[in-house]
Number of protein chains: 2
Amino acid sequence: MSENLIGNCLVAQSGGPTSVINSTLAGVVTEALKHEDYIEEIYGGRNGIQGITNEEFVNLAEESQLVIRGLRYTPGPALGSCRFKLKKQEDYDRVLKVFEAHNIRYFFYIGGNDSQDTSLKIHEAAVAKGQPLRVIGLPKTMDNDLPITDHCPGYGSVIKYVATTIRELACDHSGMGNHDLISIVEVMGRTAGWVAAGASLAKRKDHPHDPPHIILMPEIAFNPQKFVADVQNVLKSEKFCMVVASEGLVDENGNYVTASTKRDAFGHVAFGGGGNAEYLRDILEKETGIGAKITKLGYAQRAAAHCSSKTDSDEAFASGVAAVQAAIKGESGKMVTLLRADSSDYKCETGLASLSEIANQVKPFPSQWVNEDGISLNYQFHKYATPLIAGEVQVPFENGLPNFVRISSAKVEKKLGESQTV
Amino acid sequence: MSENLIGNCLVAQSGGPTSVINSTLAGVVTEALKHEDYIEEIYGGRNGIQGITNEEFVNLAEESQLVIRGLRYTPGPALGSCRFKLKKQEDYDRVLKVFEAHNIRYFFYIGGNDSQDTSLKIHEAAVAKGQPLRVIGLPKTMDNDLPITDHCPGYGSVIKYVATTIRELACDHSGMGNHDLISIVEVMGRTAGWVAAGASLAKRKDHPHDPPHIILMPEIAFNPQKFVADVQNVLKSEKFCMVVASEGLVDENGNYVTASTKRDAFGHVAFGGGGNAEYLRDILEKETGIGAKITKLGYAQRAAAHCSSKTDSDEAFASGVAAVQAAIKGESGKMVTLLRADSSDYKCETGLASLSEIANQVKPFPSQWVNEDGISLNYQFHKYATPLIAGEVQVPFENGLPNFVRISSAKVEKKLGESQTV
């Protein structure tokens, strides 16, 4: 046990949200409340690191227990998020100045690769300056591409929603199979095929004819000739052909098949719902004369709390709890990880990894999980992914629609005066 | 009470499915089983009228009770559907010949406008020929455009799913509102804006800022200048702008803004997931420089049983029951309708209307339900639509995914030998 560090804690959210991002927030708040000997005020930072530099804090302890419980099934970043990168040393100095002014000694940042890098740099800046601060990163990304952790909170829910949709479309299409029907479902994933792969869970056990029939991932170079041949091959034996395509397909030279020059704040190529589905449809129409129906689940994927995984939501909550416990014990510069037990039944515990091993790293999709045909996943992937979608979160409905919560607690008074634009 | 007509019954499905199309089928089968003095065998017709002409029947009474119960939450046409129009007198003669060969005296056809026309003509052909047959049409269309009936089974579920998605996207987007964010959600509706209008239910009571901010329907001529101005106006006061667009938008001359020359078997312009969202995005990008995120729910809308309305599913089932009861009582050439009681609480009963008043007719969206701004719906629409999404169908999940049923009962032996192509 390290020295007792007494002060306020701050939790914030960053990057694209998931269906369970607020479950992690609820875990942090719930656990922080239990440690009044260490943690005095529980602040929520509005709009990620961007809001933090402007002292945009709310007092989360003021929120009702109903709201904190409601966070466990409310999608979107309840505190507000940002896509913003601190650039200069002065930016980090500003953050530390804000933290000092508000006596913030515990900082929990819920985010993906880029956000873990932000957490690492804030940790390092505090160490360099000798400012007492414990920084713990919380994993959050439906992309499932953070290293070390077995999987990321948010992933199980997005693939549960996508696989549910595929299974429903299977019922729809199999009854309409009087003629050739090609269905293209475009899913998120600009650099990795984790989400597209998850669609394969829709196949029922011992039903090899079940869709999806073709899964296209960024990891497998897209070849139009092979694609057309694969579709034609499926239509020989099936009533319809369902294609699940990642939004980021690349050709054999590694270039996106639908080139876009736009980049987001982090320099990533920006996808606006993508154009892959239309690209694929046009290829098929030209080569086979058969049209295709398009479904683009877009941001609905990362917000579909009504179809989120209980396992995922519970693990997201547990991550938040573990982060607070680790910080209390003196840890800093770490990210909470999920560790899968080497047992026949699925068991998952939380662990810790150094942020320096995680920041800006990307976990590639294991190539050995893709079958030789390049368009389907094998048993190893199913074994990995199936437990992650287990169980259903019970979202309360009111008047026929999900009743989500909002954070409305009072703003914390600013101490540094004027906002500063970093 | 008319004469006792004893024989077999046949139920079949036609056109595009809905989330609750099989609930109607379950209602027919459940009720038919109770009338063994009238109805001997309960046949299901595979692939609509197209399969019927080829004697593609299964014996539904052989299905387990579990399967019949499972039909109440299984999307897609469990019997198979078709988009097929009988053309010549010989086609109707063939249907009557098939019916006579299998002693079919009761015919229940679940479908939309075109299918009700098919039912009407089969009824008329039987009357002309003096062949004992009772024909009852069952309403089914997520488009909600059948006349006389207050609403159509399938509509409540699609708008529950769409409004749920909008509400989730609202949580997502409101947390990402550090910069201008335009979100375009394309929904079904090629000639009527019923589904797009339903998205407005996502607005919480007394929260006028809630999305959707702009609803585009085929009934309101699309004007690009007004559209851009409307979006800019929303972005002045809101963190983001959510647009819900029907797939069939028309200009002031009544032409589709994204022209397509393809037509389906009924001569309708075919939409393959539509291109409206991209069209709107491109306009906005050109005029405002702001990109837009696209979500196209596609066929997922009509298959999303996991988010279907209990009210809708129950009414679909009740329609099936009412159809059998009406036929037993001697009715023919009628369609089951849903009648809303003139009471403060929502109450709905089934009625009957003549197929001749329904076939090929379309119920327009009431223009007085659209506000003067042309992009939002008023209280009258909300009063109409809100009860239709009430309650949640409990779909059983197994291993994390919905466990739908399939009809697998044995084929009925053909009596007329060779298939006939009509």
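## Contacts around F108(B)

Two residues count as in contact here if their C-beta atoms, placed from the backbone, lie within 7 Å. Keep in mind that this is a predicted model. Setting aside neighbours within four places in sequence, F108(B) touches C9(B), V11(B) and V28(B), along with I136(B), L138(B) and A323(B).

Zooming out, the largest nonpolar core runs to 260 residues. F108(B) and F108(A) are the ones with the most contacts inside that core. As a bit of background, nonpolar side chains in soluble globular proteins tend to be buried together.

## Strand β8 in chain B

Now for β8(B), which covers residues 240-246. Seven of its seven residues are buried, so the strand is largely enclosed by the rest of the structure. Both of its faces are covered: F240(B), M242(B), V244(B) and S246(B) sit on one side, with C241(B), V243(B) and A245(B) on the other. That fits the usual picture, in which side chains of a regular strand alternate between the two faces of the sheet.

β8(B) has parallel pairings with β6(B) (residues 181-187) over seven bridges and with β7(B) (residues 214-216) over three. V243(B) takes part in both: I184(B) stands opposite it, and it is the bridge partner of I214(B). Helix α8 of chain B (residues 224-237) joins β7(B) and β8(B) in a right-handed β-α-β unit.

## Helix α6 in chain A

Over in chain A, helix α6 takes in residues 155-174, 20 in total. From first C-alpha to last, α6(A) reaches 28 Å, close to the 28 Å expected at 1.5 Å a residue. What about its surroundings? Since 20 of the 20 residues of α6(A) are buried, this helix is largely enclosed by the rest of the structure.

Definitions and conventions: Residues numbered from 1 in each chain as written. Chains lettered and ligands numbered in written order. Predicted model: local features only at pLDDT ≥ 70, side-chain atom pairs only at ≥ 80, totals over all residues. Core = buried A, V, L, I, M, F, W, Y, C linked by C-beta atoms within 7 Å. Buried ≥ 20, exposed ≤ 12 C-beta atoms within 10 Å, placed from the backbone. Helix = DSSP H or I, 4+ residues; strand = E, 2+ residues; numbered from the N terminus. Expected span 1.5 Å × (residues − 1). Pairing = 2+ DSSP bridges. Right-handed = clockwise from strand over helix to strand, strands pointing away.
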